[in-house]
Each structure stands twice: as C-alpha cells, then as structure tokens.
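Biologist: Could you walk me through how to read this model? I would like the general idea at each step, then the case at hand.

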Amino acid sequence: MMFNRDTPPRLPSRARPGSAFFFRPFMRTLIHPILILLGCLAVSAAEPAAQVCEVHKTKMELKSVPVVYGLMKPNPDDPTGDLERHLFPHSHEYVLGGCVIMPDSPKTDSVYVCSECQKAAVKWEADMRLRKAELRQKILSAPKPCVYKMGTLDDGGTLSGVAKLFYGAASKWPVIYNANRSEIKNPNNMTGKETLTIPKL
Ligand SMILES: [Zn+2]
C-alpha cells in the first residue's frame, strides 16, 4: 500500500487510541474463554442426549444408518408410535428423511441403537403374530352365523376378501352381501369398517 504525505497511514482500528483502548485487550482475554465455553455447550447440546437407553438403562451404540425417504405406508401390525416410545424407542437402524429425496439429501446418518430395544421389538412382533393367529383361529372357527367386524383380520377391506377368509372362496361374497343388505350400500365400495353377519353356507 502506498501513502503520500497528505494522507497519513490509517492505523488498524484496534490500535487507534480511544476510550476502548485499554478495555479491548481485557475484553479479548475475557471473551475467548466465554466463546470456548459456549462452543463446548453447543457441541454437547448438538449431541443426542440419550446415549443410555431410557427404557433399558443400557449404553447404546452409535451406528451409521441409512436415511429412508418417501411416504411410509404403515403396516397395520406395526406398533403405534406411543407404544414404541414406551417399550423400544431405540430399535430402528434407519432414520426417516421425509417425503422428498433431493440430489443433496444425505444417504446415511448416525443414530444411537439399543440392543435391548431391538430384542424387545423382535419379541413384541412375535407375540403380536401369535395373538393375531389365535384371534384368527377364534374368529374363523366360531359357529355360523357369527358377527364379524371388518378390518379385524386381513380381509382386504372387500366382501370377496371376507368371503375368502370365512368360506375359502372369494366368489362366495354374494352370500355375505345378501345377509347384510341393510349394512352395505354398495358392495363395490366398502368402508372396510362394516360389522357383518357371516351366514352359514
Ligand atoms: Zn433400549
């Protein structure tokens, strides 16, 4: 940088004499530890707090997991979110990334996983399958006529699905339709929540 005689060199602002001249070095020595402290706090706040599973009190493992995008169609057998949070909140080895995947969307993320949560989830699913199988057996073996609330078993939400369940043949759906005309307005447009009388064949 060139200076001429008429324009004296401009000193860097912090070296210029002024009221803050003595104050600033003092502030710098004070501000640095504060910034470092704030930085540490920010880092610890950014880390997931739950390194120990709040349900099983076990130390969790930080795993690199895939980020899953798109609309997730819930399986009717899946546990509800509340139940999952209660029984096995850290069982998933994936992270939900939302509906839309963009070119810069991350493919992996880190998440704490609890092995006890995973065991609990597997056991819950096995118990659920057993309960469903028992319920299915109980409903299907009930003496006819019987009452069936659609959606209790996997009936596909259709009359032919119900007919397949109870009679082993989807083509028998008119039998159910005829016995439930007051309940069914349009057999091709079921809500899947109807309570039906299942007649004896
Ligand atoms: Zn756990």
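**Reading the fold, one feature at a time**

Modeller: Start with one residue. P187 counts as partly exposed because it has 16 C-beta neighbours inside 10 Å; the cut-off for buried is 20 or more. Keep in mind that this is a predicted model.

Biologist: Where does P187 sit in the chain, and which residues does P187 touch?

Modeller: P187 lies in the loop between α5 and β5. Leaving out residues up to four places away in sequence, P187 touches L159 and Y177. Compare sequence and space as well. T158 is 29 residues from P187 in sequence, yet the C-alpha to C-alpha separation is 7.9 Å.

Biologist: Now the whole chain. How many helices and strands are there?

Modeller: Five helices and five strands. Along the sequence they follow the pattern α-β-α-β-β-α-β-α-α-β. Burial comes next: 9% of the 201 residues are buried. Then look at contact range. Take contacts between residues at least 6 apart in sequence; 67% of them join residues at least 24 apart.

Biologist: Let us turn to a helix. Which residues of α4 are buried?

Modeller: α4 covers residues 159-167, and its buried residues are L159, V162, A163 and F166. Look down the axis. The buried residues of α4 fall within an arc of 100°, so they line one face of the helix.

Biologist: What do the buried residues of α4 pack against?

Modeller: Two helices and two strands are on the list: α3 (115-140), α5 (173-179), β4 (146-149) and β5 (195-198). Check what follows the helix, too. G168 comes after α4, and its phi is positive, near 75°.

Biologist: On to strands. How do I read a strand's two faces?

Modeller: In a regular strand the side chains alternate between the two faces of the sheet. β5 shows this alternation. L196 and I198 point to one face and are buried. T195 and T197 point to the other face and are not buried.

Biologist: How many bridges join β4 to β5, and do they run parallel or antiparallel?

Modeller: The general idea: strands of a sheet pair through backbone hydrogen bonds, either parallel or antiparallel. Here four bridges join β4 to β5, and the two run antiparallel. K149 stands opposite T195 in β5.

Biologist: In what order do the strands of the open sheet come?

Modeller: The order is β2-β1-β3, three strands with mixed pairing. β2 (95-96) and β3 (108-113) are the edge strands, each pairing on one side only. β1 (residues 61-68) runs antiparallel to β3, with six bridges between them. One pair to locate: K63 has V111 in β3 as its bridge partner.

Biologist: Last feature, the nonpolar core. Which residues form the largest one?

Modeller: It has 10 residues: Y148, M150, L159, V162, A163, F166, I176, M190, L196 and I198. α4 and β5 each supply at least two of them. α4 gives the most, with four residues. Apart from this core lies another, of five residues, among them F88, C114, C117 and A120.

Biologist: Which residues are in contact with I198, leaving aside neighbours within four places in sequence?

Modeller: K144, P145, C146, Y148, F166 and I176. Now join the views. I198 is on the buried face of β5, and I198 belongs to the largest nonpolar core. F166, a buried residue of α4, is among the contacts of I198.

Technical notes
Residues are numbered from 1 along each chain as its sequence is written. This is a predicted model: local features need pLDDT of at least 70, side-chain atom pairs count only at pLDDT 80 or more; totals for chains, interfaces and linings use all residues. A residue is buried if 20 or more other C-beta atoms lie within 10 Å of its own, exposed if 12 or fewer, and partly exposed in between; C-beta atoms are placed from the backbone. The arc is that of the directions from the helix axis to the C-beta atoms. Two residues are in contact if their C-beta atoms, placed from the backbone, lie within 7 Å. Two strands pair if DSSP finds at least two bridges between them. A nonpolar core is a set of buried Ala, Val, Leu, Ile, Met, Phe, Trp, Tyr and Cys residues joined through C-beta atoms within 7 Å.
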